[in-house]
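Student: I would like to learn how to read the features of a protein model. Could you take me through one slowly?

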Amino acid sequence: MEEKMKIAVIASGRGSNFIALAKACREDGYPAEIALLITDNPEAGALAFARDNGIESFVVDCGSRRGSMSPESSEKMRRLCTERGVELVCLAGFMRIVKGSLLDEYAGRMLNIHPALLPSFKGLHGQKQALDYGVKVSGCTVHFVDAGVDTGPIIIQKVVPVMRDDTEESLSARILVEEHKAYPEAVRLYAGGKINIEGRRVLISDEH
Ligand code: GRF
């Protein structure tokens, strides 16, 4: 049997993308397995799922600066990942900008999911930004993480319509359904060795 790629998921909250990834990893032939969950939030919903499903999990205090992480916490996460042979780090609703030794170690090996069609509506509340702007379609993006905010090369995007009566909640829910497909697909491609980055473009083998 082929060895599976070990991935770490870093999440701050509800954890539905983490759960979608964990479920995908249970499928026959899926090329990745979750080695650990890391969170900065002891109340994260993701933690309960990890504990109930035998996935090793850690709470790392990232400091009190909102949206930022301390150098110590970055190093701690880096060590947790490297000690377990993690080859891919997946940010899934991690509410801080990743920097420091974790980002250095996993440059080109770290993914994020964003609830809008990048490069539109970066940062927080991508769904509300889309609604307020009046776009007719929105969606989600899985991309590599670089030193910017939601700026790395794009792997997969999925599109949903914006409906006349949409609220932030209803649009978010429609996008979330696609997020739960897009993230496992992107990890499958990465772990299956199907991805090449050429500058800003992510080339996927077997794709036109
Ligand atoms: C998702 O909408 C994701 O795109 C964004 O944060 C949210 C996390 O949701 N980055 P969950 O914790 O995975 O349910």
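Tutor: What follows is a conversation about this predicted model, taken one feature at a time.

Student: Let us begin with the surface. What is the volume of the largest pocket, and which residues lie nearest its centre?

Tutor: The volume comes to about 1,100 Å³. The lining of the largest pocket is made by 38 residues, and those nearest its centre are Gly-93, Phe-94, Met-95, Gly-123 and Leu-124. When you look for the elements that give two or more residues to this lining, you find α1 (16-25), β5 (110-114), α5 (126-133) and α6 (168-191). The largest share, four residues, is given by α6.

Student: How many residues of that lining are nonpolar, polar and charged?

Tutor: The lining residues of the largest pocket divide into 17 polar, 14 nonpolar and seven charged.

Student: I have heard of salt bridges. How many does the structure hold?

Tutor: The general idea is that side chains of opposite charge can pair when their charged atoms come close. In this structure there are 13 salt bridges. One of them joins the side chains of Glu-56 and Arg-84, with 2.8 Å from N to O. This pair links distant parts of the chain, 28 residues apart, since Glu-56 is in the loop between α2 (45-52) and β3 (57-59) while Arg-84 is in the loop between α3 (71-83) and β4 (88-91).

Student: Why do Glu-56 and Arg-84 count as partly exposed?

Tutor: The class follows from the relative accessible area, and partly exposed is the range between under 20%, which is buried, and over 50%, which is exposed. Glu-56 counts as partly exposed because its relative accessibility is 38%, and Arg-84 counts as partly exposed because its value is 22%.

Student: Which salt bridge has both partners in helix α5, and how many residues apart are they?

Tutor: Asp-132 and Lys-128 both lie in helix α5, four residues apart, which is about one turn of the helix. Their side chains meet in a salt bridge of 2.7 Å, N to O. Asp-132 is exposed, at 56% relative accessibility, whereas Lys-128, at 36%, is partly exposed.

Student: And how are Lys-181 and Glu-178 placed in helix α6?

Tutor: Lys-181 and Glu-178 are three residues apart in α6, and therefore about one helical turn separates them. The side chains of this pair meet in a salt bridge of 3.1 Å, N to O. Here Lys-181 is partly exposed, with 41% relative accessible area, but Glu-178 counts as buried because its relative accessibility is 17%. Salt bridges can also join into a network, as they do among Glu-75, Arg-78, Arg-79, Glu-105 and Arg-109.

Student: Now to the inside. How many residues has the largest nonpolar core?

Tutor: In soluble globular proteins, nonpolar side chains tend to be buried together. The largest nonpolar core of this model has 42 residues, and those with the most contacts inside it are Phe-18, Ile-34, Ile-155, Tyr-183 and Val-187. Helix α6 gives the most to this core, with nine residues. Apart from it lies another core, of 21 residues, which includes Met-69, Leu-80, Val-86 and Val-98.

Student: What is Phe-18 in contact with, leaving aside its neighbours within four places in sequence?

Tutor: With those neighbours set aside, Phe-18 is in contact with several residues, among them Val-9, Ile-34, Leu-37, Phe-49 and Ala-92.

Student: What does Arg-174 touch, not counting residues up to four places away in sequence?

Tutor: Arg-174 touches Val-160, Pro-161, Val-162, Met-163 and Asp-166 on that basis. The place of Arg-174 is in helix α6, and at 23% relative accessibility it counts as partly exposed. Its C-alpha atom is separated by 9.0 Å from that of Val-162, which is 12 residues apart from it along the chain.

Student: Finally, the backbone. Which residues are joined by a cis peptide bond?

Tutor: Leu-118 and Pro-119 are joined by a cis peptide bond, with omega about 10 degrees. Pro-119 is in the loop between β5 and α5, and Phe-121 also has its place in the loop between β5 and α5. Phi of Phe-121 is positive, near 55 degrees, in a residue other than glycine, and Phe-121 is buried, with a relative accessible area of 14%.

Student: Where does His-125 lie, and what is its phi?

Tutor: His-125 lies in the loop between β5 and α5. Its phi is positive, about 55 degrees, although His-125 is not a glycine, and at 49% relative accessibility it counts as partly exposed.

Methods:
Residues are numbered from 1 along each chain as its sequence is written. This is a predicted model: local features need pLDDT of at least 70, side-chain atom pairs count only at pLDDT 80 or more; totals for chains, interfaces and linings use all residues. Side-chain values use heavy atoms; hydrogens and water are left out. On a 1 Å grid over the protein atoms alone, a cavity is a set of points where a 1.4 Å probe fits but cannot get out, and a pocket is an open set with protein on both sides within 12 Å along at least five of seven lines; lining residues have an atom within 4 Å of a point. Grid points are joined across faces, edges and corners, and a volume is the space filled by probe spheres set on the points. Ala, Val, Leu, Ile, Met, Phe, Trp, Tyr, Cys and Pro count as nonpolar, Asp, Glu, Lys and Arg as charged, and the others, Gly among them, as polar. A salt bridge is a side-chain nitrogen of Lys or Arg within 4 Å of a carboxyl oxygen of Asp or Glu. Buried means under 20% relative accessible area, exposed over 50%, partly exposed in between (1.4 Å probe, protein chains only). A nonpolar core is a set of buried Ala, Val, Leu, Ile, Met, Phe, Trp, Tyr and Cys residues joined through side-chain atoms within 4.5 Å. Contact means heavy atoms within 4.5 Å.
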